[in-house]
Every structure is written in structure tokens, then in C-alpha cells.
Amino acid sequence: MSESSLTENTTGKALKINKDTSRYGVFAEIGAGQEVARHFFQAGKASQTIAKTISAYDMVVSDDIYGREANGRYVCESRLLKMLGHEYDLLVDRLSGTRGPHSRFFSFANTVATASSGTSKQSHGWMGVRFQTEPGGPSNDIILHVRMLDRHRLQQQEALGVLGVNLLNCAFYHLHQVEQFIPHLVENLKEGQIVIDVIKFHGPDVAHFDVRLMNLELVRRGLAEAILFSPNNEILNISDAVYGKALLIQRGTFRPVTVTHLDVLKKGLAQIKDDVLKTEGKALEVLPMLELTMHNLQSDGHINEKDFLARVETLTSLGQHVLISNFFLFYGLKRFLRRYNPHFMALVVGASHLNKLFTEEHYNNLEGGLLEGLGKLLEQKTKLYIYPHKTPTLCLTTKSFFPPPHLRHIYSYFIENKQIVDISGCDETGEYLHSIDVMKMIEKNDPQWEQCVPEAVRDLIKMKKLFGHK
């Protein structure tokens, strides 16, 4: 087999790195064996690449080396960063005098929890590499959060090993191929083996990667179900962000966000506190999220990256968390979040969307059809908050919506059980300001649009010429 064909598989990639005598580093792996390092040992010439491998399985030993986490966890980003930092600094301190002038140092680390099928334990982990692109140069980090979807531990470990080799290969040889970076990252992995729901880049040699667009690409390719932006425009691990909180989720296009959207959110936050107390028996912190679906971001199957960044930036400028998801229907989003959060959840829906919710064709992929879809969406700790849709000629609420006759008894069931409820305090609410109507004003250079969006958003649109503003 030729060397060019070898580089296409995992062993070939490991051998290529081993033959690159300028690369020298450390592997630290906790939780699933030395799944990445073993590929380099098996490929041959590992002595040219590996200074040390370590598996600190014992928690006392691990804490002694890397320090104890404040939250007591071991499979978390802070533990990974400590592993990368400790091993990298130790390597440079020990070998910079002898190897520094001609070696590009790196440390690779992962901290992983695997689990067999049939258990409630999550199979997930953090993986990363800290590396130089030139001898004596600054360090750079690429960090991943992954979930392994294979049923058995051995398969999960094998997928982890392939992904780790790919990560090193990408860091060393594909930094200038931004559009091909993620395809290279998942080479030799089968569809449905892993989820990569966080990717981060830090350092001068990876500054050309837009972290927001790279994470969006994960969702677009189906490698992640959703990504979450903090109000500081940082990528958050969803499971950590929603842990222990009640959730308030408002879906929209937000192109741009309007004053109506914020009014909806404000009234939803006021209402959810009582529902949390009644359902949970105690107060919980409420995390509001503004959600956009990939369906709402795409036009003709393509994503306008500039438009996407404008929407995220305007929403985070208001101090909001922004969720980008692959879920066209609400029940998919709800089931996804239930993986990480058992607490009360409210989904805010405009009354004009009730008709879509009760459109049977949307549930054709389910054996139980609409009834199964709504059953998966609504349970004791999930409610739909309905915001009134007001125009000069109508006011649509839960009371003025009438589904087809054969579905009315289903609708009545959820109404009587108070799982679909109107948001209170809306009697004096004005007409619903839709994003599409505001966009028409912006495109026509009608100054009235400035009254339809929050002040901070208005200033941002005008300053940065967002959404085609002239």
C-alpha cells in the first residue's frame, strides 16, 4: 500500500505524524484507555513523536496531578484545560533546552465517560490539543466536547481513538483549510457514531477560525443537534448551561428581533416563576433562551453567514442566550433538552403558530402521528405559553383558536390540563410586530423601523449596517 493511500486511514495519519520529526508531545487520557495514543504506538516510529503517555485513572492520583475541580467533576472542560496546561508546560520546561529550537511541542488530552447501552449514564467527554505551529512559537488550543453514540463501550472507545488522531492531523496539517477542517475531523467515522456539540479555537495561529461559524457548521452537517451562545458570544456546553435550571424557550426568526419579542420574553419570565414553584415545590433559576432553527436560517438550502452572525450578535447584545437547533418540531427540541434537564420547561409560541402545531402532516414520521408528537411534547413539567396575535382585525388566543373538528377534543384536553395556556398580562398589548414586516421597513429605508426594535439593536444595526441597512 502506498504512503499516499495510508494517509487516508487512521493508522496512516498516525504514521504521518510519527514520521514528522518536528512534532513532539505528550498524551494524557482519562476514562476510556489510551485510545488515541495506541494508534501512534501501533503505526510505528512512535518514539519520534511521543515523549510520554499517562492515564491517571485513580481520582486521588488525578487530583494530585491536576488539582481538584470545584464542582468535583472529572469529565468537564476545566479538567481538560488543566490536563493540557500541566502536560504542555512540563514538556516545554523539560525539553525546551534540548529540543526547543527544532521541535513543535504539543500536548493532547481527553477526559471521557463511556457507558454501555441500557444505562442512564451519558457517554461523553472533552478532548483537546495544545500545540505550536513553529518551534519556540506561542501555543494554540482546539477543544471539543463529544458524545459517543455507539451502544457498546469498545465501539465508543474506537470512535474516540479515530477522532483523536483526526484532531491532531487537523491541527498539524489543515489549519489553513477552514472549510475542510470539520470534514477532515470526522474522516473514517461512521454516520451516527459521534456528536460534536462544542468546538473552540484559542491562539494566534487559529484566530482565522470564526468559532460561531464553525459551531454552526457542526449543526448544519448534523454532527450536533444544537449549539448555545452565551450573552458574551461564547459557545457553551448545553448540558452544563441548562443543569439545575428551569427553561423558558422562545422560537423565532429574529431577523431582526422586535420589541414584541422582548415583551413576550418579559411576560413569559413573569409567568414561569409561579409554574416552577407549583411544579418543583421550590424556586429555581430560570434560563431564558431565544431559539432559531436551521430551517429558519436557510434560504434555498444555503446559509447566509453574514445574516446568521447579525442575528446572533443582535440577540446577544441584549444579554440573551441564543440556541441554534436542528429541530423543526417542538417535541424534538423538548426531548433533546430532557436529556440534560428534568425541571420545568415552558415554550413560548405565538398564537398564530397554533395552527402549525395541530397540522397532522408535520407528524407523519411518527407511528402515533399528531397524538404521539403532542404527547412527547407536553407532560407535567412542560407547558406552551401562548402569546396573543393581534392585528387591526383580530386577536388570536387559545380561546379563539379552533383546530379541525376531529382534533378539538385533543386540543381541549391540553387546555383543560393547563398545558397550553395564554400568557397573562397581555390585555393592553399592541399589535404583534413581525420580523418580516420590520425587514420590509429597513429595506425601504422607512425610519419607522427604528421604533420597532430595542434601542440597543437599533444602534447596532445602524452602526454595523446589519440586515442590509444603508
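These notebook entries record what I looked up in a predicted model.

**Entry 1. Helix H12**

I began with helix H12, residues 305-316. Its 12 residues should span 16 Å at 1.5 Å a residue, and I found the end C-alpha atoms 16 Å apart, which agrees. I then asked how many of the residues of H12 are buried. The count is 10 of 12, and I therefore noted the helix as mostly covered. Among the buried residues are Asp307, Phe308, Leu309 and Ala310. Arg311, Val312 and Glu313 are also buried, as are Thr314, Leu315 and Thr316. At the start of H12 I looked at Asn304, where a side-chain oxygen comes to within 3.1 Å of the backbone nitrogen of Lys306.

**Entry 2. Salt bridges**

I next turned to charged pairs. Side chains of opposite charge can pair when their charged atoms come close. The structure holds 32 salt bridges, and I examined several of them.

Glu313 of H12 took me to Lys464, with which it forms a salt bridge; the closest N and O atoms are 2.3 Å apart. Lys464 belongs to helix H18 (residues 455-464) and Glu313 to H12, 151 residues apart, and I recorded the pair as a link between distant parts of the chain. Which partner is buried and which is partly exposed? Glu313 is buried at 17% relative accessibility, whereas Lys464 is partly exposed at 42%.

I then took up Glu225 and Arg339, whose closest N and O atoms are 3.2 Å apart in a salt bridge. Glu225 sits in the loop between helix H8 (211-220) and strand E7 (226-229), and Arg339 in the loop between helix H13 (330-338) and strand E14 (345-350), so this pair ties together parts 114 residues apart in sequence. Glu225 is buried, with a relative accessible area of 17%, while Arg339 is partly exposed at 34%.

Within a helix, I looked at Asp263 and Lys267, which form a salt bridge with the closest N and O atoms 2.6 Å apart. Both lie in helix H10 (residues 259-280), and because they are four residues apart, about one helical turn separates them. An α-helix has 3.6 residues a turn, so residues three or four places apart point the same way. Lys267 counts as buried, at 16% relative accessibility.

I also recorded a network of salt bridges that links Asp63, Arg68, Glu69, Arg79 and Lys82.

**Entry 3. Thr111 in strand E3**

Arg79 of that network appeared again when I listed the contacts of Thr111. Thr111 lies in strand E3 (residues 104-113) and is buried, with a relative accessible area of 0%. I asked which backbone oxygen the side chain of Thr111 reaches. The partner is Tyr74, at 2.7 Å. Neighbours within four places in sequence aside, Thr111 is in contact with Ile30, Tyr74, Val75, Cys76, Arg79, Leu80, Met83, Gly125 and Trp126.

**Entry 4. Helix H6 and Asn166**

Helix H6 has 21 residues and reaches 30 Å from its first C-alpha to its last, close to the 30 Å expected. Because 16 of the 21 residues are buried, I noted H6 as largely enclosed by the rest of the structure. I chose Asn166 for a closer look; its place is in H6, residues 153-173. Asn166 is buried, with a relative accessible area of 0%. Residues up to four places away in sequence not counted, Asn166 touches Lys13, His184, Leu185, Val186 and Glu187.

**Entry 5. The largest pocket**

I looked up the volume of the largest pocket and found about 780 Å³. Its lining comprises 28 residues, and those nearest the centre are Gly252, Thr253, Asn296, His353 and Lys356. Which elements give two or more residues to this lining? They are strand E9 (246-251), H10, helix H11 (294-297), E14, helix H14 (354-357) and helix H17 (435-443).

**Entry 6. His389 in strand E16**

My last entry concerns His389, in strand E16 (residues 389-390). At 14% relative accessibility, His389 counts as buried. I checked its separation from Tyr432: the two are 43 residues apart in sequence and 5.9 Å apart in space, C-alpha to C-alpha. With neighbours within four places in sequence left aside, the contacts of His389 are Ala351, Ser352, Leu394, Cys395, Leu396, Tyr432 and His434.

Conventions
Residues are numbered from 1 along each chain as its sequence is written. This is a predicted model: local features need pLDDT of at least 70, side-chain atom pairs count only at pLDDT 80 or more; totals for chains, interfaces and linings use all residues. Side-chain values use heavy atoms; hydrogens and water are left out. The expected span of a helix is 1.5 Å times one less than its number of residues. Buried means under 20% relative accessible area, exposed over 50%, partly exposed in between (1.4 Å probe, protein chains only). A polar contact is a pair of N or O atoms within 3.5 Å; within protein, one must be able to donate a hydrogen and the other to accept it, and residues adjacent in sequence count only if both atoms are side-chain atoms. A salt bridge is a side-chain nitrogen of Lys or Arg within 4 Å of a carboxyl oxygen of Asp or Glu. Contact means heavy atoms within 4.5 Å. On a 1 Å grid over the protein atoms alone, a cavity is a set of points where a 1.4 Å probe fits but cannot get out, and a pocket is an open set with protein on both sides within 12 Å along at least five of seven lines; lining residues have an atom within 4 Å of a point. Grid points are joined across faces, edges and corners, and a volume is the space filled by probe spheres set on the points.
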